[in-house]
Amino acid sequence: MSVGRDDPGAPLSEMRGLKMRAAQVVGPYREAVIMFTGLMRTIILYILIIAGVRLMGKRQVGELEPSELVLSLIIADLASVPMQDYGIPLLTGVVPILALMSLTMILSVLTMKSVKFRALLCGRPSMVVRDGALVQREMSKTRLTVDELLEELRIQGYTDISQIKYAILETNGQLSVLPYANQKPPTARDLKVSVEEGGLPRVVVSDGKLLEQNLKALGHDRPWLDRQLAQRGCRDLEKVFLLLVDEADAVYLAEKER
């Protein structure tokens with residue numbers, strides 16, 4: 001039996017069809033919005049984490065102070081939650097991160113102003129070797145084993161403890177080794193040799209691209225650079241992988257591998 005226009009079931013079926021078609025259209029759109037929202041949340045949190053790391057200065061993970069290491073771990077944990085769970089408001093992760101960054105800046109100012117506060121927060125260096133002898137009390141206090149100490153000494157090129165005047169365990173966990181004066185390698189001053197200062201080398205060409213700002217800072221122009229390339233058998237700038245020039249005009253050229 002066919003359904004007429006006056007059949008009350010017809011509008012209902014048409015509405016269901018419209019809802020199904022609308023769901024088919026809205027579904028992909030909603031997924032795209034969710035993906036875009038997740039992308040923007042990730043970018044914002046990533047920028048905040050980079051800012052937090054920059055506040056700690058240019059250090060490697062092994063050189064962080066205890067407070068800086070704790071900060072980096074907490075920030076990473078706070079950022080991961082709103083980055084994965086879209087149901088959590090973004091401010092839930094942003095506000096604690098901003099608070100920690102502000103606290104870090106305050107602590108940095110306090111450590112610069114107060115020696116006592118710096119010692120309380122970061123600790124004090126410990127001398128583990130003095131006059132070629134182990135300071136066992138300091139090693140016990142810092143929980144530094146003999147194997148760990150010998151490993152650090154070997155990394156820095158020392159195998160004989162008796163050659164070391166001082167070995168200091170810094171607050172960031174690094175070991176500073178100061179050998180006796182007669183164990184230090186001779187310098188040009190000791191040998192009474194005159195050595196010319198080369199100055200800081202600047203990158204003039206990197207992967208075939210000319211850095212004009214560095215070239216001008218050295219007091220040279222493009223014709224001077226072309227002459228230097230011609231003298232070294234390289235006339236095409238795009239074939240240069242790296243070109244360094246120092247203040248004494250010493251040139252280092254590395255061509256791209258073919």
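Select strands S1 (126–130) and S2 (133–134). They pair in the antiparallel sense over two bridges; two strands count as paired if DSSP finds at least two bridges between them. Helices (H or I, at least four residues) and strands (E, at least two) are DSSP runs, numbered from the N terminus. This is a predicted model: local features need pLDDT of at least 70, side-chain atom pairs count only at pLDDT 80 or more, and totals for chains, interfaces and linings use all residues. Residues are numbered from 1 along each chain as its sequence is written, and side-chain values use heavy atoms, without hydrogens and water.

Click Val-129: its bridge partner in S2 is Leu-134. Then look at the hairpin. Two residues lie between S1 and S2, and Asp-131 takes a positive phi near 55° there.

Next, add S3 (residues 164–169). S1 and S3 are antiparallel, with four bridges. Arg-130 stands opposite Tyr-166 in S3.

Now add S4 (175–179). Five bridges join S3 to S4, again antiparallel. Ile-168 has Ser-176 in S4 as its bridge partner.

Show all of these strands together. The sheet is open, in the order S2-S1-S3-S4. S2 and S4 stand at the edges with a single partner strand each, so one side of each has no neighbour in the sheet.

Bring in helix H6 (residues 146–155). H6 lies across S1, S2, S3 and S4, at about 65° to S4. Axes are lines fitted to C-alpha atoms, for helices over the stretch in contact (heavy atoms within 4.5 Å). Angles run from 0 to 180 degrees between N-to-C directions.

Move to helices H3 (residues 90–113) and H4 (residues 115–122). They pack at about 125°, with axes 5 Å apart. That makes H3 oblique to H4; angles under 35 degrees count as roughly parallel, over 145 as roughly antiparallel, 65 to 115 as roughly perpendicular and the rest as oblique. Among the residues to select are Leu-107 and Leu-110 in H3, and Phe-117 and Leu-121 in H4.

Which residues of helix H8 (residues 222–231) are buried? Select Trp-224, Leu-225, Gln-228 and Leu-229; buried means under 20% relative accessible area (1.4 Å probe, protein chains only). They cover an arc of only 135° around the axis, which puts them on the same side of H8. The arc is that of the directions from the helix axis to the C-beta atoms. Their cover includes strand S5 (202–206), helix H7 (212–217) and strand S7 (240–245).

Finish at the ends of H8. Asp-221 caps the N-terminal end, with a side-chain oxygen 3.2 Å from the backbone nitrogen of Trp-224. Just after H8, Gly-233 takes a positive phi of about 75°.

Definitions and conventions: Buried means under 20% relative accessible area, exposed over 50%, partly exposed in between (1.4 Å probe, protein chains only). A polar contact is a pair of N or O atoms within 3.5 Å; within protein, one must be able to donate a hydrogen and the other to accept it, and residues adjacent in sequence count only if both atoms are side-chain atoms.
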